Amino acid sequence: ELDQSQKALPYLLVLEQFLPSHPKVQKISGWVAQNRGITVEAIKLYESSFNGDPNDLGTIINLGNLLISQEMWHKSIRHYKKALEFHPNEPIFLEKLGSLLVNCPDTSFRNAEAGRVYSERAYMHVRSSPRTTISAGRNLAIAFAYLGEFQNAGMVINQTMDMARQQNF
């Protein structure tokens, strides 16, 4: 966390030797593997860490971002659905799942109605950061358009654009 990974590696090796299945050790090992470009190993470690400690938001975020960057759409969607079982009102996870369901490059995974629900929950959530709210608004407008609800799409676009201007995005 202090960006001193070289100093941390010897300690990590000891932890991996004595506590290889501890979720925090797996998370850090996953981060190291990811930074070294060993993606398959990083995903396995993050998944093990998440299964061992589903309350660690950092692990959920790191794994989700890695799955999306690797275009593992089915695994990404499944991951965020599972994360929402433990964190049902986490705006970041609602927005990510909504985005995947509305905008997935593999159209076979798209589900505009489900994406609308998740995006709307993130959009309306009081704890959503402006960035999350604006992204959720974009997804929500797209979902409304896919569903033929053009008046609702236009309303959300206008509200989201106003918010984005206020936040200087």
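Reading along the sequence of this protein chain, we meet the pattern α-α-α-α-α-α-α-α-α, and the count for this predicted model is accordingly nine helices and zero strands. Of the 169 residues in the chain, 39% count as buried, and the accessible surface comes to about 9,900 Å², with 54% of that surface belonging to carbon and sulfur atoms.

Let me turn to the interior. In soluble globular proteins, nonpolar side chains tend to be buried together. Here the largest nonpolar core has 22 residues, and the members that touch the most others are L84, F93, L97, Y118 and V156. At least two residues of this core come from each of helix 5 (73-86), helix 6 (91-103), helix 7 (112-124), helix 8 (130-146) and helix 9 (150-166). Apart from this core lies another one, of eight residues, including A33, L45, Y46 and L67.

If you would like one residue to look for on the screen, take Y118, which, leaving aside residues up to four places away in sequence, touches L84, L94, L97, G98 and L101.

Now, how do helix 5 and helix 6 lie relative to each other? Their axes come within 9 Å and cross at roughly 150°; because angles over 145 degrees count as roughly antiparallel, helix 5 is roughly antiparallel to helix 6. The crossing of these two helices is left-handed. On the helix 5 side, the residues that meet helix 6 are W73, S76, I77, Y80, K81, A83 and L84, and their partners in helix 6 are F93, L94, K96, L97, L100 and L101.

Methods. Residues are numbered from 1 along each chain as its sequence is written. This is a predicted model: local features need pLDDT of at least 70, side-chain atom pairs count only at pLDDT 80 or more; totals for chains, interfaces and linings use all residues. Side-chain values use heavy atoms; hydrogens and water are left out. Helices (H or I, at least four residues) and strands (E, at least two) are DSSP runs, numbered from the N terminus. Buried means under 20% relative accessible area, exposed over 50%, partly exposed in between (1.4 Å probe, protein chains only). Accessible areas come from the Shrake-Rupley method with a 1.4 Å probe; for residues, only the protein chains shown count as cover. A nonpolar core is a set of buried Ala, Val, Leu, Ile, Met, Phe, Trp, Tyr and Cys residues joined through side-chain atoms within 4.5 Å. Contact means heavy atoms within 4.5 Å. Axes are lines fitted to C-alpha atoms, for helices over the stretch in contact, and angles run from 0 to 180 degrees between N-to-C directions. Angles under 35 degrees count as roughly parallel, over 145 as roughly antiparallel, 65 to 115 as roughly perpendicular and the rest as oblique. A crossing is left-handed if the near helix is turned anticlockwise from the far one by less than a right angle, and right-handed if clockwise.
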